[in-house]
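Could you walk me through this structure in my viewer, one selection at a time? I would like to know what to click on next and what I will find there.

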Amino acid sequence: MKWGVKAVKFKAYCSNFFSVPLAMENMKRFWAIGVVGLLVYLLSGVFPMILSYDDIRPYMIESMLSNHNPGYMAAHLFLAISAAVAVFRYLQNTGSTSVMHAMPFTRKGLYLSSYWSGLKLAYLPALVNGLLLLLLKTPVYQTVYVDNLPIQTNVYTTAGVMGWMAGVLVIITFMYSIAVFAGMVTGSVVLHALTAVGFNFLLTALYGTFLGYSEIYFFGFTYNELISEIALKLSPYTYVFQQEGVIPAKAWMGYMSVAALIAVGTYFIYKKRPLEKATDSTVFRFMEYFISFLVVFFGSSLIGMIFHEYDYGYAGYVFGGILGFLIGQMIVKKTMKIFDLENLKVFVVFAGIMAIIVVGFSKDALGYERRVPDQNSVNTATISSYDLTPGNMPSTFSEKDNVQQVLDFHKAVVDGRKEYRDFQGSGFNMTLTYEMSSGRQMSRRYLLPYEAIMRSDALRQLYESTEAEKPAEMLAQFHIPDTQIALYPAGYSSKQPMTMHYSDDDAANGRKQALLEALLLDLKGMTFTELVSGRAPVLQLEILHRVKKDDTSYNIPEETYPYPQEKDSGNYRYESYSYSITTDYTNTLRWIDENQLSQLLNSADEKEFAVISRNCAPGKEPGPEETYDYGKFVSIDVKPQSGSGKLVLEDPQEITMLIRSYAYRDLRSFDSEEEALCLMLYRLADYQDYDMYETTDFYYLNKADLPEGILAEADRYLSE
Amino acid sequence: MIQVKGLCKSFDDFTALSDLNVHVETGSIYGLIGVNGSGKTTLIKHLTGVYMPDAGQIIYDGEDIYENMGVKERLGYIPDDLYFFNSYNLRDMASFYRKIYPRWNEPRYQAMLQEFGLSERRKISKFSKGMQKQAAFILTMSTMPDYLILDEPIDGLDPLIRKKVWRYVVSDVAERQMTVLVSSHNLREMEGICDYIGILSGGRMMIERDLEELKTDIHKVQIAFKDQQDRTFAELNILHREKRGSVELLIVRDSGDHVKSVLEKEEPAVLDMLPLSLEEIFIYEMGGESSEIQSILF
């Protein structure tokens, strides 16, 4: 066969798959979409950058290259959706469907040519914008401080721009492929556009709705990092909201593969598409049910959750479901005449599915709440709770017995869930996190009444085990010159904190070393009762420790201490720890005393008087003149007198003694509310135009503990 | 030759075409007629490879049309519901057609443009319906199709333009053996142009005949006798019979000679055998003068 004939045959064969004229015609017809997209890119990035070219702000470049620029995000969405809607619009009209399919194209050729030209149309503006960013590239330095010295990093690099272009390519390809799929299953332009947006966020919306159900109904449900990560990773469009906005190569390949799979799947759907359905809302019967059910699901869930907030039970789900069904049916059937027997049957089926979902969540059909892992499947168990973790250092347990104690405690909480589920008072906020041997993580978060913690033998044994001391032992590993310690009173005080800065001075570091050793001794010797006593702190101790990023000698695994870490800054990673020092911290207080820093402890300094009264349980009014409310700053105009249910103290030594040795910050250690008295401290108001005195601190006193002199006076005045 | 064999198509619960067979001879003009909803447009969308048949085949000179670019390159189609790219003018459309139809005939395009007097630069969407029809006709005929499928082609065209359109069609049939299938409700126009007629009803082909043969076989007879005696004419296939005073009107399907000989035996006072128009044939073949049938006639 002659080459010429071969070439013609080959060309004819290729035209079965792809029509160059059609692809070019699409570009010619829909160029305006690309121009609008490019303008949005330019107006959001390049133009403002040119206007401030002599002094480009680093955040401007960072927000562009990380796709956190709202204009860029809007442009990605607009381009992907509008390109897909435009190039496949011929499928949504009877005339165009007939003419295009009667022309010398195969469906394969029509699909591939349209798909490719639409993708090119959507991506070209980003490509042009990227090339402009490369052309305009100039060093833009961001200043970071390392050892108090400014270090400058260039944030506007070729690699950064190339990374942005690659990121946008995957975002647009992914969203465009879903938008094309939407066009293939719908029969009208309006529904194509709506579903193109909807399907792109469908998984995220479904995931979010199920999380909403979990939050409402599951006792112990908590959002952990994994949940947020999954939510963001469902689409490359949301992926960029993570950290630096960069899509790593592996994820990039993953999204591209999914986009390719969707595109291939869509081609097979096109092959089966009944063209006579053009102008109908949907072209496949199953899509009619699917879209209709989605409207029911989201309508019912949204209104149901709102009604649930206002204690209307299931009424919102029913109302939302009916409303969603009517709207959904009108959309898919393109008529208001939807009241017939067939639709009634569909409604019954949808109502059944919604009932299964809602009741399934509310009755915990899958056993989420009851799930306590088996000891053999747990590698480590971590308890994070403000009251149980001095220094905000969560306790991680890996010893078999200790893991079992955590599981026993967890089981006790699960068994008592009927009692604890609706608990809303003050109590322990606690997160249990299990690292499973499978590599997965399981987390539960509870708000528990104090007695659930105080009376737990499992927790007592756990926190008095040697493993519980481990977080504190980290203090011994701190590199003292890189450690900064600040001390200040725990209650109201206008005194400046006493700070021991980062230093290479041996004497200064010796003091810090001694303080940390004393603190470590206290933490290791602390009993469970002391740990959870609720005793009011007399001093706050803050530690800021910095670690060089490349320092491998600092061997505390980062994941063990997720909370204290701060965002990277320069060459250091900073960790902060906060300790509320009570009178149980005897060694620490001795160091305070030896270093003549006792003036930093809570005292009657700057206070005028104190008032002891009854009725200080949360929500009750502590006295007749003042309406104490948590969180409110209360003032009075006249200093009260002892009597009528209150005892007024003015002796500074007496007040100092009470707040240092007898004060509690809550009612956890009290056998009953009746034993509790309120202690409120007052100072002269800064501005006395309105009232003379204002409260500074609020504590509880245990009547049974009080020294005899004060107890006698309290009995005398408070019984009146 | 275009052959449709055993074509079936249903839309949900509605059967649009049922075991349909059509034969269009090469170099002929085939008129497809039928009442509204009889399946004409559905058949045409199968003939143009738009719809996928549920069963059956559509064969163009031995090749299936569905997903066949080779056949489609030689197929011209003017739908009733016209479509041009948005904001395109005739020049843009011609440029596109030129790239996708390998047998595009530029001189013919230019000649037709002149003859029909359409502006090449004006947006097609600004044309009147009749002008859009002309534009579609110019574009389609410039692709030099071997097969031409026309759905209501003269709807909206004035008599002069109609004449030009048919002239082009007839000339291509005569000169290039182009095969034409045309669907129209204008039976008078069809009568003057078609070689064959297919009558569709309820998704089935009722009659498919050479138009001349069809007309030779059906006769309108006006007959009167001196007496008032009732006669049955049992030897004749009478489709319709009515009495108007002393004159009786018969629609008879039989050969002319046979009809004449049978009637002359009765020695009528008056005997007139008149030719039937396509409209009349259609009415009587479809079973009378029901309003449904009348509705398709002008």
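Before the first stop, one term is needed: two strands count as paired if DSSP finds at least two bridges between them. Keep in mind as well that this is a predicted model.

**Stop 1: the hairpin in chain B.** Select residues 2–11 of chain B, which are strand β1, and then residues 55–60, which are strand β4. These two strands of chain B run antiparallel and are joined by five bridges. To see one such link, pick B:Q3 and look across to B:I59, its bridge partner in β4(B).

Now add residues 14–24 of chain B, strand β2. β2(B) is also antiparallel to β1(B), with seven bridges between them. Here you can click on B:I2 and find B:V24 as its bridge partner in β2(B). Where β1(B) turns into β2(B), the hairpin has two residues between the strands, and B:D12 has a positive phi near 55 degrees.

**Stop 2: confidence.** Colour chain B by pLDDT. The average for chain B is 88, and 96% of its residues reach at least 70. Then select residues 289–298 of chain B, where pLDDT stays under 50. For this stretch the model has 13 contacts beyond four places in sequence. For the complex, the predictor reports an ipTM of 0.88 and a pTM of 0.80.

**Stop 3: where the chains touch.** Show both chains together. Chain A and chain B each bring 21 residues to the contact. On the chain A side, select α2 (20–29) and α6 (94–102), each of which supplies at least two of the touching residues. Which helix gives the most to this side of chain A? It is α6(A), with eight residues. If you colour the touching residues of chain A by type, you will find seven nonpolar, 10 polar and four charged.

**Stop 4: chain A as a whole.** Hide chain B and zoom out. Chain A has 26 helices and 16 strands, and its C-alpha atoms fill a box of roughly 115 × 70 × 60 Å along the principal axes. The radius of gyration of chain A is 34 Å, whereas a compact globule of 720 residues would have one near 27 Å. Of the 720 residues in chain A, 35% count as buried. Among contacts in chain A with a separation of 6 or more, 74% link residues 24 or more positions apart.

**Stop 5: a sheet in chain A.** Select β7, β8, β9 and β10 of chain A: these four strands form an open antiparallel sheet in the order β8-β7-β9-β10. β8 (498–500) and β10 (572–581) are at the edges of the sheet, each with a single partner strand, so one side of each has no neighbour there. From one strand to the next, the twist averages 15 degrees. For a look inside the sheet, take β7 (residues 483–489) and β9 (residues 539–548) of chain A, which are antiparallel and joined by seven bridges. Across this pair, A:A486 stands opposite A:E542.

**Stop 6: a glycine in a loop.** Finally, select A:G245, in the loop between α12 (236–239) and α13 (249–272) of chain A. Is A:G245 buried, exposed or partly exposed? It is partly exposed, because 19 other C-beta atoms lie within 10 Å, while a buried residue would need 20 or more. Leaving aside residues up to four places away in sequence, A:G245 touches A:S66, A:N67, A:H68 and A:V240. To end the tour, draw a line from the C-alpha atom of A:G245 to that of A:P449: the two are separated by 41 Å and are 204 residues apart along the chain.

Terms used:
Residues numbered from 1 in each chain as written. Chains lettered and ligands numbered in written order. Predicted model: local features only at pLDDT ≥ 70, side-chain atom pairs only at ≥ 80, totals over all residues. Rg over C-alpha atoms; globule rule 2.2 N^0.38 Å. Buried ≥ 20, exposed ≤ 12 C-beta atoms within 10 Å, placed from the backbone. Contact = placed C-beta atoms within 7 Å. Axes fitted to C-alpha atoms, helices over the stretch in contact; angles between N-to-C directions. pLDDT = per-residue confidence, 0-100. Nonpolar A, V, L, I, M, F, W, Y, C, P; charged D, E, K, R; others polar.
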